[in-house]
Amino acid sequence: MPAPLFEYLLRIGDDRLVLGHRNSEWCGHGPILEEDIALANISLDLIGQAQLLLNLAGQLEGQGRDADTLAYWRDDVQFRNLQMAELPKGDFAFTMMRQFLFSAWANLQLEGPIQGNHEDLKGIAAKAHKENRYHLRHASEWVIRMGDGTEESHRRAQAALDELWPWTGEMFQQDDVDRAVAEQGAVVVAADLEPRWRAAVTDLLGRARLTIPTAPMRMTGGRKGRHTEYLGRMLAEMQIVARSHPGATW
Amino acid sequence: MVDAAVGGRPQTAAEVIDALRSVKDPEVPVIDVVELGIVRGATVEGGRVTVSVTPTYSGCPATQVIEREIRRALVARGFEEVVVNTVLFPAWTTDWIAPEGREKLRVYGIAPPGPAAELELVQLGRPAKAVPCPWCGSSNTTRESEFGSTACKSIHSCHSCHQPFEHFKPL
């Protein structure tokens, strides 16, 4: 079994790699120029965070794999991201709602490694946490604008929330990996992440005049390498150049 | 005998750091890497120098360029071996940008960052603390977009002098 901290880094690194890639699909397709640029910048932050986390994972593993090797040469069953991150980008409301739900979680979840005892991880997490606050603010403001906007924007925002809600439960599941990294002190694993997230999200969605779905938060499996059909297709596109021309540089 | 004063090989950490003032941020070329607060220290052992650098934004494409430029600048000053050591902890903050660097940003037309301590999570519908216009100093400004030409900057406009401007976001 791989070291728990390696596994933990893959999880939070893959979340950012996959979500960053999904958001980057808006580049050149944003509804307005400012949003095109904003989504590209959010992607850049997320992929940068992924690079730092996956490089650290590779160092800890000690088998010569770096962020590029881990990003381009693993198959979908070896990815550890949340399933929510891999869903297709959908419309702008779906992308922003996902970013909001994820960033609201990351805002609390990243406190864990920040409070831990692993210096490099603390530094990476502290920076990511600050960057994430801008992502959260940007997405929050869009959720309010859309939810409390026109009939059409409200309809789309509510539809996005309804579709995403069942996938959010995975963010709060804890297993042996979390217990092990907590035990070694690298991460302070909070037991109250879900109620705190729910309180923050409920407040904002209320301001956006959106209704929290009653559907169970049931989708799960990403942390164990079980993914939707969408991840494989996304990786095929993301990995094709690296795999067609191994070791190529420019 | 080389003389640091005329561009010879620096002998001390302070001289190395001084030499790095020739390396500019490629995306904000008015400010150097020392003013940007990313140079955390240097050690000299004869012809070998080690520079510790803390990266800015996680995904900043300038990071690699800066590392290459630091290497180039120090080789040009006579070092045979230049080691650039990345220090991730503690994380860089805009609070480390030197006062003279902030003033250079403002003159260049980029409103410098305020304290990084607190960022209000939602400003929509609330009176936001306005960023002063770098051109005319007016506080009658609004944020047009959270993200600008780079991840570290937002876009604003001034209602007094009617100029758009960028703001280096506190991080």
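Here a biologist questions a modeller about a predicted model and the terms used for it.

Modeller: Residues are numbered from 1 along each chain as written, and chains are lettered from A in the order written. In this predicted model local features need pLDDT of at least 70, side-chain atom pairs count only at pLDDT 80 or more, totals for chains, interfaces and linings use all residues, and side-chain values use heavy atoms, without hydrogens or water.

Biologist: What makes the pair A:Glu141 and B:Arg143 a salt bridge?

Modeller: A salt bridge needs a side-chain nitrogen of Lys or Arg within 4 Å of a carboxyl oxygen of Asp or Glu. The N to O distance here is 3.2 Å, so the pair qualifies. Chain B and chain A have two salt bridges between them.

Biologist: How many residues does each chain bring to the contact?

Modeller: Chain B gives 29 residues and chain A gives 32 residues. Contact means heavy atoms within 4.5 Å.

Biologist: Why is B:Cys133 not in a disulfide with B:Cys161?

Modeller: A disulfide is a pair of cysteine sulfur atoms within 2.5 Å. The sulfur of B:Cys161 is the closest to that of B:Cys133, yet it lies 3.7 Å away, so it is too far for a bond. B:Cys152 is in no disulfide either: the nearest cysteine sulfur, in B:Cys60, is 6.3 Å away. The whole structure has zero disulfides over all chains.

Biologist: Why is B:Cys133 called buried?

Modeller: Buried means under 20% relative accessible area, exposed over 50%, partly exposed in between (1.4 Å probe, protein chains only). B:Cys133 has 3%, so it counts as buried. B:Cys152 has 11%, so it is buried too.
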